[in-house]
Amino acid sequence: MGAQSHARHQHNHDKAKVTIDCTVDERAYIKMLAAKAHMNLSEFILSYLRKDFPQERKPNKVTLDAMRESKEGKGIKCDSIEDFWEKMGMNPNA
C-alpha cells in the first residue's frame with residue numbers, strides 16, 4: 001500500500017466499506033455518471049441515498065440561547081428537584 005493510499009485510510013477510520021455486486025457494464029456506467037457529476041463512486045451513490053437518511057435536527061434559537069446561558073453559568077440554579085419544581089411554578093404531584 002502506497003504512502004498516499006495509507007494516509008487516506010488513516011483519515012477514514014470512522015468509515016465503513018460497502019460492497020455492491022453489479023455487472024462490469026453497470027460499474028462502467030455508474031463510473032461514467034459519477035465522473036459526469038464530478039464525484040467519485042462513493043459520493044455519487046451516497047448522494048442518492050442521503051436524501052432518505054434521517055436528518056440531523058438542529059437546535060432552534062431558544063435552545064441555542066439556553067445552551068449558551070448554561071455554559072456561561074447563567075440561568076436558574078436549583079438546589080434540589082423540589083427547588084426546581086417550585087422555581088418552574090409546577091406541582092409535581094398534580
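**Fold, surface and aromatic pairs of the chain**

The chain contains five helices and zero strands. Along the sequence, the elements run in the pattern α-α-α-α-α. The model is a predicted one.

Burial was examined next. Of the 94 residues in the chain, buried residues account for 3%. The chain exposes about 9200 Å². Carbon and sulfur atoms supply 55% of that exposed area.

A nonpolar patch lies on the surface. Its members are Ile76, Ile81, Phe84, Met88 and Met90. Together, these residues offer about 470 Å² of accessible area. Helix α5 covers residues 81-88, and Met90 sits in the segment after this helix. Met90 counts as partly exposed because its relative accessibility is 48%, a value that falls between the 20% limit for buried and the 50% limit for exposed. Phe84, another member of the patch, has a relative accessibility of 31% and is therefore also classed as partly exposed.

Two aromatic pairs are found in the structure. In one, the ring centres of Phe44 and Tyr48 are 5.2 Å apart. The planes of these two rings meet at 75°, so the pair is edge-to-face; the cut-off for this class is an angle over 60 degrees. Both residues belong to helix α3, which spans residues 41-49. Phe44 and Tyr48 are four residues apart there, about one turn of the helix. The two partners are covered to unlike degrees: Phe44 is buried, at 11% relative accessibility, whereas Tyr48 is partly exposed, at 47%.

The other pair joins Phe84 and Trp85. Here the ring centres lie 5.3 Å apart. The planes stand at 65°, so this pair too is edge-to-face. Phe84 is partly exposed, with 31% relative accessibility. Trp85 is likewise partly exposed, with a relative accessible area of 27%. Phe84 thus takes part in an aromatic pair and in the nonpolar surface patch.

Cysteines were considered last. A disulfide is a covalent bond between the sulfur atoms of two cysteines. The structure holds zero disulfides. Cys22 has a relative accessible area of 37%, so this residue is partly exposed. Cys78 falls in the partly exposed class as well, with a relative accessible area of 31%.

Notes:
Residues numbered from 1 in each chain as written. Predicted model: local features only at pLDDT ≥ 70, side-chain atom pairs only at ≥ 80, totals over all residues. Heavy atoms only, no water. Helix = DSSP H or I, 4+ residues; strand = E, 2+ residues; numbered from the N terminus. Buried < 20%, exposed > 50% of the residue type's maximum accessible area, 1.4 Å probe, protein only. Areas by Shrake-Rupley, 256 points an atom, 1.4 Å probe, with all protein chains shown as cover. Patch = residues over 30% accessible without salt bridge, like charges linked within 9 Å, V, L, I, M, F, W, Y side chains within 5 Å. Salt bridge = Lys/Arg side-chain N within 4 Å of Asp/Glu carboxyl O. Phe/Tyr/Trp six-rings, centres within 6.5 Å; stacked < 30°, edge-to-face > 60°. Disulfide = S-S within 2.5 Å.
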